[in-house]
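Reader: I have a model open and would like to go through it with you. Could you take me through the pockets and then the strands?

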Amino acid sequence: MKERPNSLKEGLVGGHRAIGLWCSLSSALTTEVAAGAGADWLLVDGEHSPNDLRSVMAQLQVIAAFPCEGVVRLPSDDPIVIKQFMDIGARSLMVPNVRTARQAAGIVAAMTYAPSGFRGFSVGHRANQFGRIADYHRNARTNQLLAVQIECETGVANAAEIAAVEGVDVVFVGPGDLSTNMNEMGNPNATRVQEAIASVREATHKAGRASGILAPVKADADRYLADGFTMVAVGSDLGVLARGTDALIASFAR
């Protein structure tokens, strides 16, 4: 048995844009609904959603039935957490609030088997189809994708060095946290926040990496795509449900 190629990684390496959706409702059923929409990737949020190993695994299982890649945002860069989520089949990871190249290199090492890293070895787990994928351990890095999030001014200042770390595939801006940490809470379109975002994108592209961002407002997403961001999340299951139900009820006079 062979591991399915990582279509998201292949597309980004080729310079193609990848449109994604955030899955925040912690439900395999709602994630399955979202997976059928035709997005290139779905992110299962383990940072700001009530997800755990089992609920993330269930969502990865339903995503696997569709031609899109499941990305898991981890709650932290803890190597034990990285190991556990990778063993259940999370091969495309997003790690929040990466601030330095040293931190990024540590994340890569935690994802990688010895001798290049220190990911714990297990003969059979869901990631290698319970031992059925030949030479999985030797070739595991081939289909792994790492997106590191820049969410503070320290990360912005170190973006070039972070992007240059071997094993980092995407430098992904978190505009909500970044604007908050720049004392512009709720205003990611503030001039100085936009300047910081542009500087991350430019540094990332100079390093030959893909850049990504969360942009649930269509006008913002269109602008970021035109600017050169290629891994762009354009909405979330929670947002679609909340705004859709708001609009539906508001359409009936009471």
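Reader: Let's start with the second largest pocket; how many residues line it, and which lie nearest its centre?
Author: Keeping in mind that this is a predicted model, the second largest pocket is lined by 22 residues, and those nearest its centre are Arg4, Gly89, Arg91, Arg126 and Gln129. As for secondary structure, the elements that give two or more residues to this lining are helix H3 (53–63) and strand E3 (69–73).

Reader: What volume does it have, and how does the lining divide into nonpolar, polar and charged?
Author: The space in the second largest pocket comes to about 410 Å³, and its lining residues divide into 10 nonpolar, five polar and seven charged.

Reader: And the largest pocket, what is its volume?
Author: The volume of the largest pocket is about 510 Å³. It is lined by 25 residues, of which Trp22, Pro175, Gly176, Leu214 and Pro216 are the closest to its centre.

Reader: Which element gives the largest share of that lining?
Author: That is H9, which contributes four residues to the lining of the largest pocket. By character, the lining of the largest pocket holds nine nonpolar residues, 11 polar ones and five charged ones.

Reader: Trp22 came up just now; which residue is its bridge partner in E2?
Author: The partner of Trp22 in E2 is Leu43, and the pairing they belong to, between strand E1 (residues 18–23) and E2, is parallel and has four bridges. Between these strands lies helix H2 (residues 28–35), and E1, H2 and E2 together form a right-handed β-α-β unit.

Reader: What does E2 pair with besides that, and how many bridges are there?
Author: E2 also pairs with E3, again in the parallel sense, over five bridges, and within that pairing Leu42 has Gly70 of E3 as its bridge partner. The chain goes from E2 through H3 to E3 in a right-handed β-α-β crossover.

Reader: Are the two faces of E2 buried or exposed?
Author: Trp41, Leu43 and Asp45 point one way from E2, whereas Leu42 and Val44 point the other way, and all of these residues are buried. Put as a count for strand E2 (residues 41–45), five of its five residues are buried.

Reader: Back to the link between H3 and E3 for a moment: is Pro67 buried or exposed, and why?
Author: Pro67 counts as exposed because its relative accessible area is 77%, and the cut-off for that label is over 50%. Pro67 sits in the loop between H3 and E3, and its C-alpha atom is separated by 35 Å from that of Glu195, which is 128 residues apart from Pro67 along the chain.

Reader: Different strand now. Which residues lie on each side of E5?
Author: On one side of E5 are Leu145, Ala147 and Gln149, on the other are Leu146, Val148 and Ile150, and all of them are buried.

Reader: What are the partners of E5?
Author: Strand E4 (residues 92–95) runs parallel to E5 and is joined to it by four bridges, with Met94 opposite Ala147. E5 also pairs with strand E6 (residues 170–173) in the parallel sense over four bridges, where Val148 stands opposite Val171.

Reader: Last one: what domain does UniProt list, and over which residues?
Author: The UniProt record, an unreviewed entry, lists "domain: HpcH/HpaI aldolase/citrate lyase" for residues 19–242. Over residues 19–242 the chain is 41% helix and 18% strand, with the end C-alpha atoms 21 Å apart.

Notes
Residues numbered from 1 in each chain as written. Predicted model: local features only at pLDDT ≥ 70, side-chain atom pairs only at ≥ 80, totals over all residues. Heavy atoms only, no water. UniProt positions renumbered as here; feature names shortened; annotations may be inferred. 1 Å grid on protein atoms, 1.4 Å probe; cavity = no way out; pocket = protein on both sides within 12 Å on 5 of 7 lines; lining within 4 Å. Points joined across faces, edges and corners; volume = space filled by probe spheres on them. Nonpolar A, V, L, I, M, F, W, Y, C, P; charged D, E, K, R; others polar. Buried < 20%, exposed > 50% of the residue type's maximum accessible area, 1.4 Å probe, protein only. Pairing = 2+ DSSP bridges. Right-handed = clockwise from strand over helix to strand, strands pointing away.
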